[in-house]
Amino acid sequence: LNPRVFFERKKGDCEDYALFAEAALSADNWETKLLTVCHPALVHTVLAYKDTNGKWGYLDNATIKGGQATTIKELAGLVFSDWTSYTNHTDNLVERR
């Protein structure tokens, strides 16, 4: 969904939430990456953000996980420790285990 539509409806899936968060943080000049992390049983989209200490954290529809990762790959492991792949949509990159 368009971030404005998501806000007006007040509902959506994890991708809608991540896109809404990306619009909000990007407007305030935060460095962000839209990530989809795959697990053997499910797929989840989150918004990665770089905090003021240069560490990556993420936001999703249930969590704000503070900056604990030094790389996007490390961040994928915070989303799912047993991830099989992730897509960094912002930079058009795919990483597989």
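Start with the surface of the whole chain: the accessible area comes to about 5,800 Å², and 49% of that belongs to carbon and sulfur atoms. Keep in mind that this is a predicted model.

**The whole chain**

Show the chain as a cartoon. It has three helices and six strands. Followed from the N terminus, the elements run α-α-β-β-β-β-α-β-β. The radius of gyration is 13 Å, close to the 13 Å that the globule rule gives for 97 residues, so the chain is as compact as a globular protein of that length. Now turn the C-alpha trace: along its principal axes it spans about 40 × 35 × 25 Å. Of the 97 residues, 37% count as buried. Among contacts between residues at least 6 apart in sequence, 34% join residues at least 24 apart.

**Stop 1: the aromatic rings of the two N-terminal helices**

A search of the whole structure finds four aromatic pairs. Select F6 and Y17 to see one of them, an edge-to-face pair with 6.2 Å centre to centre and 90 degrees between the planes. F6 lies in helix α1 (residues 3–9) and Y17 in helix α2, so this pair ties together parts that are 11 residues apart in sequence. Add F20 to the selection. F6 and F20 form a tilted pair, with 5.3 Å centre to centre and 50 degrees between the planes. F20 is in helix α2 and F6 in helix α1, so here the parts tied together are 14 residues apart in sequence.

Which residues do the ring pairs link into a cluster? They are F6, Y17 and F20. Colour them by accessibility. F6 is buried, with a relative accessible area of 10%. Y17 counts as partly exposed at 26% relative accessibility, and F20 is partly exposed with a relative accessible area of 26%.

**Stop 2: the cysteines**

Select C14 and C38. How many disulfides does a search of the whole structure find? It finds zero. C14 is in no disulfide, and the nearest cysteine sulfur, that of C38, is 11 Å away. From the side of C38, the closest cysteine sulfur is in C14, and 11 Å is too far for a bond, because the two sulfur atoms of a disulfide must lie within 2.5 Å. C14 counts as buried, at 18% relative accessibility.

**Stop 3: the salt bridges**

Side chains of opposite charge can pair when their charged atoms come close. A search of the whole structure finds three salt bridges.

Select K50 and E31. They form a salt bridge in which the closest N and O atoms are 3.8 Å apart. K50 lies in strand β2 and E31 in the loop between α2 (14–27) and β1, so the pair ties together parts that are 19 residues apart in sequence. K50 is partly exposed, with a relative accessible area of 28%, and E31 counts as partly exposed at 37% relative accessibility.

Next, select D91 and K33. Their side chains meet in a salt bridge at 2.8 Å, N to O. This pair links distant parts of the chain: D91 is in the loop between β5 (85–88) and β6 (93–96), K33 is in strand β1, and they are 58 residues apart. Is K33 buried or exposed? At 12% relative accessibility, K33 counts as buried. Its partner D91 is partly exposed, with a relative accessible area of 36%.

Then select K73 and E95. In this salt bridge the closest N and O atoms are 3.3 Å apart. K73 lies in helix α3 (residues 72–79) and E95 in strand β6, so the pair ties together parts that are 22 residues apart in sequence. K73 is partly exposed, with a relative accessible area of 41%. E95 counts as partly exposed at 25% relative accessibility.

**Stop 4: P40**

Finish by selecting P40. Where is P40 placed? It is in the loop between β1 (32–38) and β2 (43–50). Why does P40 count as exposed? Its relative accessibility is 63%, and exposed means over 50%. Show the residues around it: not counting residues up to four places away in sequence, P40 touches D82 and T84. Last, draw a line from P40 to D28, C-alpha to C-alpha. The two are 12 residues apart in sequence and 35 Å apart in space.

Key. Residues are numbered from 1 along each chain as its sequence is written. This is a predicted model: local features need pLDDT of at least 70, side-chain atom pairs count only at pLDDT 80 or more; totals for chains, interfaces and linings use all residues. Side-chain values use heavy atoms; hydrogens and water are left out. Helices (H or I, at least four residues) and strands (E, at least two) are DSSP runs, numbered from the N terminus. Buried means under 20% relative accessible area, exposed over 50%, partly exposed in between (1.4 Å probe, protein chains only). Contact means heavy atoms within 4.5 Å. A salt bridge is a side-chain nitrogen of Lys or Arg within 4 Å of a carboxyl oxygen of Asp or Glu. The radius of gyration is taken over C-alpha atoms; the globule rule is 2.2 Å times the number of residues to the power 0.38. Accessible areas come from the Shrake-Rupley method with a 1.4 Å probe; for residues, only the protein chains shown count as cover. Rings of Phe, Tyr and Trp (its six-membered ring) pair if their centres lie within 6.5 Å; planes under 30 degrees apart count as stacked, over 60 as edge-to-face and the rest as tilted.
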